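The following paragraphs explain a multi-chain structure chain by chain and contact by contact. Please keep the sequence and the model open while reading.

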Amino acid sequence: MRTRQTVLATAIALVALALPAHAKDGAILVQSTTSTANSGLYDYLLPMFQDKTGIRVNVVAVGTGQAIKNATNCDGDVLLVHAKPAEEAFVAEGGGVARTDLMYNDFVIVGPADDPAGVGGMTDVEAALDKIAGSGALFASRGDDSGTHKKERALWAEAGIDPTTASGGWYRETGSGMGATLNTGIGMGAYVMTDRATWISFANKQDYEIQVQGDEDLFNQYGVILVNPEKCPSVNAEGGQAFIDWLLSAEGQAAIADYRVAEQQLFFPNAPQ
Amino acid sequence: MAAPAAASGPSLVPLKVRGLGLALGGKQLISGLDLTIGGQGITMVMGPNGAGKSLLLRLLHGLIAPSAGRICWGGHPMSASVTRRQALVFQKPVLLRRSVAANVDFVLRARKGDARQRDALLDRVGLSDKAGQAARLLSGGEQQRVALARALATGPEVLLLDEPTASLDPTSVHLFESIIRDTARQGVRVIFVSHDVGQARRMADDVVFLHRGRVVEHKPAKGFFDQPDTELARAHLAGRLVM
Amino acid sequence: MQDFGEAVGMAVSLVASGDGDLIEIVLLSLRVSLTATALSCVVGLLLGAVLAVTRFRGRQAVIVAVNALMGLPPVVVGLLVYLHLSRAGPLGFLGLLYTPTAMIIAQTLLITPIVTALSRQVLEDLHSEYAEQFRSFCLSRGQIVRALLWDARYSLLTVALAGFGRAIAEVGAVIIVGGNIDHLTRVMTTAIALETSKGDLALALALGLVLMAIALAVNVVVQGVRLTAVRHAYA
């Protein structure tokens with residue numbers, strides 16, 4: 001019967017559409033942070049790696065907390081994030097093989113040009129946070145357990161301030177990624193702590209400027225970890241290790257150093273030689 | 001041509017109804033109704049509005065279940081297999097959103113009829129030239145003839161008609177009536193509800209006169225129209241009976 | 001609003017330039033959402049039809065539940081699918097997370113309640129018109145369902161469009177189960193979210209305009225089919 005054939009053909013077409021377009025082709029999946037992805041670093045690095053090895057790299061960009069959680073669920077081959085204590089805990093619990101320093105940049109605090117808290121030019125971040133808290137000026141926090149958020153909380157703790165008591169008041173937790181938090185913070189005239197790479201490549205700066213920078217407490221270290229294939233048999237250990245080896249090699253490190261946005265270097269390679 | 005009466009097993013006539021009652025929403029609409037219809041031809045069911053004519057037809061077709069009494073068609077109690085051997089044309093035709101031909105095809109297919117009957121059926125109701133048109137865009141009279149063709153497509157032994165011409169123009173009524181007469185002549189037992197006295201005179205072999213859910217009179221047509229037994233029937237024929 | 005004018009210009013030049021990445025993203029969006037719509041119609045129309053013609057204990061409760069599920073948040077659907085497809089989840093062995101298939105699954109789950117609930121309403125209205133006639137014809141349940149689905153086909157197209165509109169516009173589910181991976185699972189909405197987070201609001205808005213144009217085009221095509229049918233007066 002004609003209709004029956006049509007139904008059958010439609011069903012087959014639907015199943016074909018719904019199934020994966022291509023079988024697993026040895027690609028690897030990197031769980032990473034929004035800051036590295038949004039800065040365009042991967043768009044720069046990955047074609048080089050793929051040209052050299054033929055291995056395709058897929059990147060899922062989420063907050064560091066979410067990235068580690070996904071890797072804990074074996075949903076990824078390589079973890080590239082920036083929250084050293086959490087990364088070390090992940091490795092200690094058997095989630096990853098080993099953690100290696102990859103590169104760093106630094107965090108900055110950006111604020112509106114009129115600088116209502118008067119922190120412009122300060123290089124002592126704890127003092128600057130203290131001043132912002134005391135001034136009643138708004139501060140927008142990621143509030144998403146990301147690497148940046150973890151770092152920011154540590155800095156508040158060192159400054160001896162618990163900003164969460166003012167949550168919803170002058171302390172605004174957006175619960176979003178770096179870019180979304182910048183959009184929100186700029187929209188409400190709040191100070192925001194961001195990594196420098198995201199800030200340089202961020203396109204919606206309006207009248208915002210870097211107000212606080214240069215404190216060594218603002219150092220932002222990225223690490224790279226191979227997800228443990230013994231715990232997660234689905235891990236493409238070979239491909240993942242090849243990617244890590246390349247990143248840590250002289251060639252990979254040079255490529256990281258070469259990446260520039262607006263003539264500024266965003267990431268500084270510091271893998272152990 | 002659609003299979004006429006007695007194609008499957010013993011005939012559905014005579015119809016015997018005993019002590020039939022129907023109560024809906026606490027109202028007794030039909031009570032203690034007795035009726036026997038046999039033989040051939042066209043039985044007209046008459047009566048004023050609210051007499052229970054349409055309800056009786058639905059009961060006889062098995063669309064609603066009685067709250068009391070029995071309905072037996074040729075010895076078979078009312079059942080789905082009896083319904084299958086009948087067809088009902090409703091006052092307002094309920095046509096599918098398809099072409100005229102597709103409306104008939106639908107029934108032929110659903111009832112495992114011979115698909116080749118379609119053209120003959122459309123010819124029989126005078127709609128051969130409209131086969132490809134959208135059924136719902138036809139005139140009222142044409143729509144009712146599509147409904148009739150569909151009913152005939154089931155090959156009914158009994159054809160139940162529920163005021164099918166109530167809202168049609170005189171020409172359409174005439175056409176419809178002549179098809180019904182032919183159908184009855186081919187052996188299909190017709191039970192025809194109408195409150196149009198003129199139509200009843202034209203069509204009836206016998207007349208069942210209902211009032212307030214009871215059979216008041218059941219007589220051959222000539223006797224009923226010439227000499228009704230009851231004052232109620234006389235009043236109705238004279239157009240004086242309201243409810 | 002200086003961004004808006006810029007966005008319109010950018011949208012036009014994006015489309016005009018025939019940018020390969022954009023075409024890839026558009027095609028994936030269409031593939032994912034149209035497939036999800038088709039799958040949800042297969043399931044939803046059937047469920048809707050069954051709910052429309054059957055009477056059983058608890059039917060009202062099921063209808064209320066299905067209607068409520070129309071408001072299912074995409075993020076919740078995304079999370080549920082993620083938890084099942086994750087390597088640590090019960091269906092992890094399939095290796096479907098971060099693939100278009102996962103996105104299709106998520107969107108299908110998201111819009112099946114919409115298709116079910118709306119088609120149930122459409123078919124129940126039609127059935128109330130046809131029911132007595134169908135009983136007179138002694139039709140089986142299957143025959144009734146098929147006849148209703150066919151006769152309501154142009155109204156059901158609108159139902160499918162409602163589902164498609166929800167699917168093509170949602171970002172919460174596909175970004176979780178697809179991961180917004182470039183050249184693999186990036187669709188219009190996740191690309192818009194990405195450009196927004198990069199602060200490139202004009203580009204995000206331009207992509208949004210392109211998305212709206214696509215949705216408009218799909219609707220125009222379907223409406224065209226519908227109008228042609230109405231002109232032939234089958235509806």
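**Sheets, domains and contacts**

In chain B, Leu24(B) is placed opposite Lys27(B), a residue of S2(B). This is a predicted model, with an ipTM of 0.90 and a pTM of 0.87.

The pair just named belongs to the antiparallel pairing of strand S1 (residues 15-24) of chain B with S2(B), which is made by seven bridges. S1(B) also pairs with strand S4 (residues 68-73) of chain B, again antiparallel, through five bridges. In that pairing Gly21(B) faces Ala68(B) of S4(B). S4(B) in turn is joined to S5(B) by two bridges, and these two strands run antiparallel. Here Trp73(B) is opposite His76(B) in S5(B). S4(B) and S5(B) make a hairpin with two residues between them, and Gly74(B) in the turn has a positive phi of about 55 degrees.

Taken together, the four strands make an open antiparallel sheet in the order S2-S1-S4-S5 (chain B). Which strands stand at the edges of this sheet? They are strand S2 (27-37) and strand S5 (76-77) of chain B; each has a single partner strand, so one side of each is left without a neighbour in the sheet.

Chain B also holds an open sheet of six strands, ordered S6-S7-S8-S3-S9-S10 (chain B), in which the pairing is mixed. Its edges are strand S6 (86-89) and strand S10 (214-220) of chain B, each with a single partner strand, so one side of each has no neighbour in the sheet. From one strand to the next the twist averages 15 degrees. At one end of the order, S6(B) pairs with strand S7 (residues 158-162) of chain B in the parallel sense, over four bridges. Within this pairing, Ala87(B) stands opposite Leu159(B) in S7(B).

An unreviewed UniProt entry lists residues 15-237 of chain B as "domain: ABC transporter". In the model that span is 37% helix and 27% strand, and its end C-alpha atoms lie 26 Å apart.

Chain C can be read against its record in a similar way. The unreviewed UniProt entry gives the annotation "transmembrane region" to residues 32-54, 61-85, 97-118, 156-181 and 201-222 of chain C. Residues 61-85 of chain C are 84% helix and 0% strand, with end C-alpha atoms 30 Å apart. For residues 97-118 of chain C, the span is 86% helix and 0% strand, and the end C-alpha atoms lie 30 Å apart.

How confident is the prediction for this chain? The mean pLDDT of chain C is 92, and 97% of its residues reach 70 or more. Among the elements of chain C, helix H1 (residues 2-17) has the lowest mean pLDDT, 82, while H5(C) has the highest, 97.

H5(C) also figures in the contact between chains C and B. This contact takes 16 residues from chain C and 19 residues from chain B. On the chain C side, helix H5 (100-136) and helix H6 (141-151) of chain C each supply at least two residues. The largest share of that side, six residues, comes from H5(C). By class, the side of chain C that touches chain B has eight nonpolar, four polar and four charged residues.

Chain C is in contact with chain A as well, through 24 residues of chain C and 28 residues of chain A. On the side of chain A that touches chain C, the elements giving two or more residues are helix H1 (2-18), H2, strand S2 (57-62) and helix H8 (178-188) of chain A. The residues of this side of chain A divide into 16 nonpolar, ten polar and two charged.

Within chain A, the domain assignment gives domain 1 (2-104 + 220-269) and domain 2 (106-218). Their C-alpha centres lie 28 Å apart. The contact between the two takes 19 residues from domain 1 of chain A and 18 residues from domain 2 of chain A. Helix H2 (34-38) and helix H4 (64-72) of chain A each supply at least two residues of the domain 1 side. H2(A) gives the most to that side, with three residues. The residues on the side of domain 1 of chain A that touches domain 2 of chain A are seven nonpolar, twelve polar and no charged. H2 of chain A is thus named in both settings: among the elements on the side that touches chain C, and on the side of domain 1 that touches domain 2.

Methods
Residues numbered from 1 in each chain as written. Chains lettered and ligands numbered in written order. Predicted model: local features only at pLDDT ≥ 70, side-chain atom pairs only at ≥ 80, totals over all residues. Contact = placed C-beta atoms within 7 Å. Nonpolar A, V, L, I, M, F, W, Y, C, P; charged D, E, K, R; others polar. pLDDT = per-residue confidence, 0-100. Pairing = 2+ DSSP bridges. Domains from an automatic or database assignment. UniProt positions renumbered as here; feature names shortened; annotations may be inferred. Axes fitted to C-alpha atoms, helices over the stretch in contact; angles between N-to-C directions.
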